[in-house]
Amino acid sequence: ILYDGENDIIVEIFNSEINAKVEVDESNNFIFENIYPSSYYIWAYEDINTVSDSYFNGTLYPLKLGADFGIYNDIIEIRKNWDVEGIKIIIGDYN
């Protein structure tokens, strides 16, 4: 995860059958554990929702901007005992 902000990051991996949160370490690297083999999409967002760990899309009254997020544009193929490397997700205005 490439991110310059100060908030924690939540990473979600999903397909038509499964939606799972993925652990993120202190260096903003994410780790897949206990994920079933399949094809997935992945995205990450700032953890700024004070009610739950769901994505915060903002409010009008009072005005609060939604969380910054990033989406990995390719499908990820996860297979048993395979390492998946090289996935980078940029959140916000990373420099």
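In the predicted model, the chain carries 5 positive and 18 negative side chains, and the centres of these two sets are separated by 7 Å. The accessible surface amounts to about 7,000 Å², and carbon and sulfur atoms contribute 45% of this area. Of the 95 residues, 31% are classed as buried. Along the principal axes, the C-alpha atoms occupy a box of roughly 45 × 30 × 20 Å. When contacts between residues at least 6 apart in sequence are considered, 55% of them join residues at least 24 apart.

The secondary structure consists of 0 helices and 5 strands, so that the pattern read along the sequence is β-β-β-β-β. The 5 strands are assembled into an open sheet in the order β3-β2-β1-β4-β5, with antiparallel pairing. The edges of this sheet are taken by β3 (30-31) and β5 (69-78), each of which has a single partner strand, and therefore one side of each is left without a neighbour in the sheet.

Strand β1, which spans residues 9-14, is mostly covered, with 5 of its 6 residues buried. On one side, β1 is joined to strand β2 (residues 19-24) by 4 bridges in the antiparallel sense, and the connection between β1 and β2 is a hairpin of 4 residues. Within this pairing, Ile13 has Ala20 of β2 as its bridge partner. The pairing of β1 with β4 is likewise antiparallel and extends over 6 bridges. Two of the residue pairs that can be named here are Glu12 with Trp43 of β4 and Phe14 with Tyr41 of β4.

Strand β4 (residues 38-46) is in turn joined to β5 by 7 bridges, and these two strands also run antiparallel. In this part of the sheet, Ile42 is placed opposite Tyr72 of β5, while Trp43 is placed opposite Ile71 of β5. Trp43 is thus a residue with a bridge partner in β1, namely Glu12, and with a residue of β5, Ile71, standing opposite. In a regular strand, side chains alternate between the two faces of the sheet.

Aromatic contacts form a further feature of the model, the count of aromatic pairs being 6. In one of them, the ring centres of Trp43 and Tyr55 lie 5.4 Å apart and the ring planes meet at 50°; because this angle is neither under 30 degrees nor over 60, the pair is assigned as tilted. Trp43 belongs to strand β4, whereas Tyr55 is found in the loop between β4 and β5, so the pair ties together parts of the chain that are 12 residues apart in sequence. The two residues also fall into separate classes of solvent exposure: Trp43, at 17% relative accessibility, counts as buried because its value is under 20%, and Tyr55, at 26% relative accessibility, counts as partly exposed because its value falls between the limits of 20% and 50%. Both residues are members of one aromatic cluster, which is formed by Trp43, Tyr45, Tyr55 and Phe69.

Key: Residues numbered from 1 in each chain as written. Predicted model: local features only at pLDDT ≥ 70, side-chain atom pairs only at ≥ 80, totals over all residues. Heavy atoms only, no water. Buried < 20%, exposed > 50% of the residue type's maximum accessible area, 1.4 Å probe, protein only. Contact = heavy atoms within 4.5 Å. Areas by Shrake-Rupley, 256 points an atom, 1.4 Å probe, with all protein chains shown as cover. Lys, Arg positive; Asp, Glu negative; His and termini not counted. Charge placed at Lys NZ, Arg CZ, Asp CG, Glu CD. Pairing = 2+ DSSP bridges. Phe/Tyr/Trp six-rings, centres within 6.5 Å; stacked < 30°, edge-to-face > 60°.
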